[in-house]
Amino acid sequence: MTELPALIAAFTTLFIIIDPPGLAPVFIALTQGMSAQQRRAIGIRAFLVAAALMMVFLFLGEAVLGFIGISMDAFRIAGGILLFLTALDMLFQRRQARREDNAAEGQAEHHDDPSVFPLALPLIVGPGAITTVILLAGEAQSATDMGAIAAVIIVVLLIVLLAFLVAPAIERALGKTGLNIVTRLLGMLLAALAVQFVLDGLRGFGIGA
């Protein structure tokens, strides 16, 4: 897991699932009318809460699966299917609409501070991200591997934080059409990664080559 190709694959999967460019306009909507200082504070809090949640799922997620009797290969197949459905949502733009609905709901209920809900949970640490982190933990062979995955998670979350801090500039640079194109491209990559997870799970059960 510490080899460069494996780390790149882990980074790519998490980046696509969390989708920092797609979160930028949602962050703008949630912090509309706030000062730059308030936006920065909310972004940092969302980053810290999301990082803490991700570490919990990384180090305890597989233990929870073992406790309830679910094998990692079964979880790989289920996770791959979930990620594939997420990819379809991205390709057909259903995912962003759902995020905006969640953002509007969170804004109505927590107008002053949306950093925990809905930003950290469920917009950053959603079902897809949780699934991916547990799958990556299942592939780790040592404490070094777990440390490398944790580092990848932090790097992706730092990119999310950066997207929050420069969200207005990203929105102006890409425009709505540009964001839609980026989302669809990431959806195609995620669909391929999801199929790979399913194939790995099937191989674990002795099905296929």
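Below are a few exercises on this predicted model, each with a worked solution.

Some ground rules: residues are numbered from 1 along each chain as its sequence is written. Local features need pLDDT of at least 70 and side-chain atom pairs count only at pLDDT 80 or more, while totals for chains, interfaces and linings use all residues, and side-chain values use heavy atoms, with hydrogens and water left out.

**Exercise 1. Work out which secondary-structure elements the protein has.**

Start with the rule: helices (H or I, at least four residues) and strands (E, at least two) are DSSP runs, numbered from the N terminus. Counting them gives nine helices and zero strands. Reading along the sequence, you get α-α-α-α-α-α-α-α-α.

**Exercise 2. Find the residues at the heart of the largest nonpolar core, and the helix that gives the most to this core.**

First, the terms. Buried means under 20% relative accessible area, exposed over 50%, and partly exposed in between (1.4 Å probe, protein chains only). A nonpolar core is a set of buried Ala, Val, Leu, Ile, Met, Phe, Trp, Tyr and Cys residues joined through side-chain atoms within 4.5 Å.

Next, the members: the core has 55 residues, and L14, I18, M54, I124 and L157 touch the most other members. Helices that each supply at least two residues include helix 1 (4-18), helix 3 (36-67) and helix 9 (167-204). Helix 8 gives the most, with ten residues.

Now zoom in on I124. Leaving out residues up to four places away in sequence, its contacts (heavy atoms within 4.5 Å) include I18, L23, A46, L157 and F164.

**Exercise 3. Classify the ring pair F27 and F164, and say where its two members sit.**

A pair of aromatic rings is described by the distance of the centres and the angle of the planes. Rings of Phe, Tyr and Trp (its six-membered ring) pair if their centres lie within 6.5 Å; planes under 30 degrees apart count as stacked, over 60 as edge-to-face and the rest as tilted. By this rule there are two aromatic pairs. For F27 and F164, the centres are 4.4 Å apart and the planes are at 10°, so this pair is stacked. It links distant parts of the chain, with F27 in helix 2 and F164 in helix 8, 137 residues apart. Both F27 and F164 are buried.

**Exercise 4. Is F59 buried or partly exposed?**

Locate F59 first: you'll find this residue in helix 3. Its relative accessible area is 47%, so F59 is partly exposed.
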